[in-house]
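The exercises below ask you to work from a structure to a reasoned statement about it, one step at a time. Have the sequence and the model at hand before you begin.

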Amino acid sequence: MRLAALLEPTMVSADLKADSKTSAIGELMDMVIRAHPEIDRAGVLSSIAEREEIENTSFGRSFAFPHARTDLVGEMHVALGISKKGIRAPAPDGKPLHVICLLLTPRNIAQLYLQTLSGLASVARDDVSLSKFLAAKTAEEVIRVVWDTGVTIRKHLTVRDIMHRDVVSASPDDTLKDVANKFYRYKVSGMPVIDDEERPIGIISERHLIQAALPDYESLIQNMSLAPDTEPFDDLLRKEDEIKVRDIMTTRLFTTTEDTPIVEVAAQMLFRNVRRVPVVHEGKMVGIILRRDIVSKVIRG
């Protein structure tokens, strides 16, 4: 099904008047209420605000996708608006918002909801979409822009729908210090290791760094009297510029593809006890899916 098929002219504005993200959400919500007056406007807005507090829904590239899963609606509603002048609001790249799409869905249709968000993100990544949206003068012309992207909603929820495309990674020649700094700077607990041809060859995590300091941790747990007199972490720090990622990473690697069903990946994560899975296309890494993504995006929404 084409993404554009989810849009109705009565739920699309080619010229939003709002001057803030909050008021834009309210303006889009008004379109939903005009079409469905039975919906509790205040209750839904509260759910949207709660979702915004958990995580900013501004996508970047001048797009934002405020959304909420709430049983105050009985079916999925999509309202899309274009701000010609732009709205200043926090965004990953600092760009003003021009395209704002409000997505409301009941809790029991998570799959269509996530696939729709994924489809909207694909529209945002299309380099020519923004200029076409800004040139549109009517709701029908806005819908035509979405139609022309050719973005479709697939039958099954796949890795493509929730994976991260901007991946923090390490090189096998990085040092322990390099990796520790990346963990801190990017607030991650692990990352794939890729070679010069962008192929994933292993995983490095906080666990591996700690294990480098305590290689005999199992024996230590069994007999704490064997604890070394010298502080093992001090020894590790003295060698942090010498120890390479290749020396401590795991090469026990499971990869997946963009078209793999989420259920299959989740089962493999449990079976293999892994937190992160590189996503590959023709052997090269194109993204990563994390265990917490399945919790935050699929289960919590």
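**Exercise 1.** Determine which residues of helix 12 are buried, and work out where they fall when the helix is seen down its axis.

*Solution.* Begin with the extent of the element, bearing in mind that this is a predicted model: helix 12 covers residues 262–272, and within that stretch Ile 262, Val 265 and Met 269 are buried. Next, look down the axis of helix 12, where the buried residues fall within an arc of 65 degrees, so that they line one face of the helix. Then turn to the other side of helix 12, on which Val 263, Leu 270 and Phe 271 are exposed. Finally, move past the end of the helix to Asn 273, which follows helix 12 and has a positive phi, near 55 degrees.

**Exercise 2.** Find the salt-bridge partner of Asp 127, and explain which parts of the chain the pair ties together.

*Solution.* The partner is Arg 61, with 2.5 Å between the closest N and O atoms. To place the two residues, note that Asp 127 sits in the loop between helix 3 (110–125) and helix 4 (129–135), while Arg 61 sits in the loop between strand 2 (58–60) and strand 3 (63–64), so the pair ties together parts that are 66 residues apart in sequence. As a last step, consider accessibility: Asp 127 is exposed, its relative accessible area being 66%, whereas Arg 61, at 33%, is partly exposed.

**Exercise 3.** Establish where the two members of the salt bridge between Glu 258 and Arg 160 lie, and state which network includes them.

*Solution.* The side chains of Glu 258 and Arg 160 meet at an N to O distance of 4.0 Å. Glu 258 belongs to the loop between helix 11 (245–248) and helix 12, and Arg 160 to helix 6 (residues 159–162), so this pair ties together parts that are 98 residues apart in sequence. Since buried means under 20% relative accessible area, Glu 258 counts as buried at 18%, while Arg 160, at 21%, counts as partly exposed. Extending the view, a network of salt bridges links Arg 160, Glu 258 and Asp 259.

**Exercise 4.** How many salt bridges are there in the model, and is Asp 195, which pairs with Arg 199, buried or exposed?

*Solution.* The count comes to 13 salt bridges. In the one formed by Asp 195 and Arg 199, the closest N and O atoms are 2.9 Å apart. Asp 195 is buried, with a relative accessible area of 17%, and Arg 199 is partly exposed, at 39%.

Terms used:
Residues are numbered from 1 along each chain as its sequence is written. This is a predicted model: local features need pLDDT of at least 70, side-chain atom pairs count only at pLDDT 80 or more; totals for chains, interfaces and linings use all residues. Side-chain values use heavy atoms; hydrogens and water are left out. Buried means under 20% relative accessible area, exposed over 50%, partly exposed in between (1.4 Å probe, protein chains only). Helices (H or I, at least four residues) and strands (E, at least two) are DSSP runs, numbered from the N terminus. The arc is that of the directions from the helix axis to the C-beta atoms.
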